[in-house]
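This report covers charged pairs, helix packing and the surroundings of two residues. The sequence and the structure come before the details.

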Amino acid sequence: MEIAGSVALVTGAGRGIGRAVSLELAKKGASLLLFSRTEGPLLETTEEIRRIGGKVIAISGDVSSREDARKAVRLALDSFGRLDILVNNAGVGYKASITELSIDEIEEQIKVNYMGSVLFIKEALPHMLKQGRGCIVNMISTLARSYSPGWSAYSASKAALMAFTETIREELASTGVRVIGVYPSLVSTDMMRKLAAGKGRALDPSDVAKVIVIAIEQSDKTLLSDIVIAVP
Ligand SMILES: NC(=O)c1ccc[n+]([C@@H]2O[C@H](COP(=O)([O-])OP(=O)(O)OC[C@H]3O[C@@H](n4cnc5c(N)ncnc54)[C@H](OP(=O)(O)O)[C@@H]3O)[C@@H](O)[C@H]2O)c1
């Protein structure tokens, strides 16, 4: 897909991988609607994009709220007239064994990591189908496929998103809407520092973002689908 002139909505755009993907898309000439919970970091990303001449607006909200997802997609359409790229990146992770995890923490991971992506897809998809063009990028994790102690609820939330991603990719194959699953290993962000400090080498968010942008660019030429980005 040609990124220049397209419109992209990125969730979790205030920090980490979401911020890096937003910047890369802006450098390639996309107009951006940025979404995440906290206003401060969201404004910092917005200013960084404006400094490089990008077109950007931001709205804060919770990805697990139907109303907030509806508002964000509506704002993208009202502001830019279309929506071509949706990056479902917002996510939370709590590392704890099943005896330590609270029900609230388990539920939040499902609501944010899985249902948050589903809500944004349900809002964005009708417009992409009408356009006959779109690219949905779901930020999953290597932990969706390989399981290790401490990550039960996080892995389950990402495995749910993986199953959803792989199924809708096939359902939408003939519509012009592409669906990409991204499976990073450790990436150097606040989340990683909080959860896996000192656990070996980590990827740079900007490198992960560059690979994602290439996958979006290639998405209408191939049925390229999953990208696994691991520490070399
Ligand atoms: N870092 C890694 O090693 C790694 C590896 C594999 C996959 N991932 C996945 O990559 C994605 C990004 O992770 P990251 O490492 O960049 O995390 P991060 O630095 O902690 O940033 C997370 C972003 O998501 C937003 N967010 C969290 N909950 C939200 C909610 N309920 N509603 C709206 N926005 C919300 C945060 O907003 P606030 O600023 O408002 O909190 C923040 O902008 C996540 O889905 C994560 O699971 C990360």
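## D190 and R193

D190 is partly exposed, with a relative accessibility of 37%; the term covers values between buried, under 20% relative accessible area, and exposed, over 50%, computed with a 1.4 Å probe on protein chains only. R193 falls in this class as well, at 44%. The two side chains form a salt bridge in which the closest N and O atoms are 3.1 Å apart. A salt bridge here is a side-chain nitrogen of Lys or Arg within 4 Å of a carboxyl oxygen of Asp or Glu. Both residues belong to helix 6 (residues 190-196), where a spacing of 3 residues puts about one helical turn between them. Helices (H or I, at least four residues) and strands (E, at least two) are DSSP runs, numbered from the N terminus.

The model is predicted: local features need pLDDT of at least 70 and side-chain atom pairs count only at pLDDT 80 or more, while totals for chains, interfaces and linings use all residues. Residues are numbered from 1 along each chain as its sequence is written, and side-chain values use heavy atoms, with hydrogens and water left out.

## Other salt bridges

Side chains of opposite charge can pair when their charged atoms come close. The salt-bridge rule gives a count of 14 in this model. One of them joins E67 and R70, with an N to O distance of 3.0 Å. This pair sits in helix 3 (residues 66-80), and its members, 3 residues apart, are separated by about one helical turn. E67 is partly exposed at a relative accessible area of 40%, and R70 is partly exposed at 40% relative accessibility.

Which residue forms a salt bridge with D226? The partner is R145, and the closest N and O atoms are 3.2 Å apart. D226 lies in strand 7 (residues 226-229), while R145 is in the loop between strand 5 (134-139) and helix 5 (152-171), so this bridge ties together parts that are 81 residues apart in sequence. The relative accessible area is 26% for D226, which is partly exposed, and 40% for R145, also partly exposed. Both residues belong to a salt-bridge network that links R145, E166, R169 and D226.

## Helix 1 against helix 7

The axes of helix 1 (residues 16-27) and helix 7 (residues 205-218) come within 8 Å and cross at roughly 50°. Helix 1 is therefore oblique to helix 7; angles under 35 degrees count as roughly parallel, over 145 as roughly antiparallel, 65 to 115 as roughly perpendicular and the rest as oblique. Axes are lines fitted to C-alpha atoms, for helices over the stretch in contact, and angles run from 0 to 180 degrees between N-to-C directions. The crossing is right-handed, that is, the near helix is turned clockwise from the far one by less than a right angle, whereas an anticlockwise turn would make it left-handed.

On the helix 1 side the contact is made by G16, I17, A20, V21, E24 and L25, which meet P205, S206, V208, A209, K210, I212, V213 and I216 of helix 7. Contact means heavy atoms within 4.5 Å. The residues of this contact comprise 10 nonpolar, 2 polar and 2 charged. In this grouping Ala, Val, Leu, Ile, Met, Phe, Trp, Tyr, Cys and Pro are nonpolar, Asp, Glu, Lys and Arg are charged, and the others, Gly among them, are polar.

## Helix 1 against helix 2

Helix 1 also packs with helix 2 (residues 39-51), at an angle of about 20° and with the axes 10 Å apart. This makes helix 1 roughly parallel to helix 2, and their crossing is right-handed. R19, S22, L23 and A26 of helix 1 meet P41, E44, T45, E48 and I49 of helix 2. The contact divides into 4 nonpolar, 2 polar and 3 charged residues.

## K111 and Q131 in helix 4

K111 is placed in helix 4 (residues 103-131) and is partly exposed, at 42% relative accessibility. Its C-alpha atom is 5.6 Å from that of S64, although the two residues are 47 residues apart along the chain. Leaving aside neighbours within four places in sequence, K111 is in contact with S64 and G116.

Q131 lies in helix 4 too, partly exposed at 26% relative accessibility. Not counting residues up to four places away in sequence, Q131 touches R82, L83 and D84. From Q131 to S188 the C-alpha distance is 36 Å, with their positions 57 residues apart in sequence.
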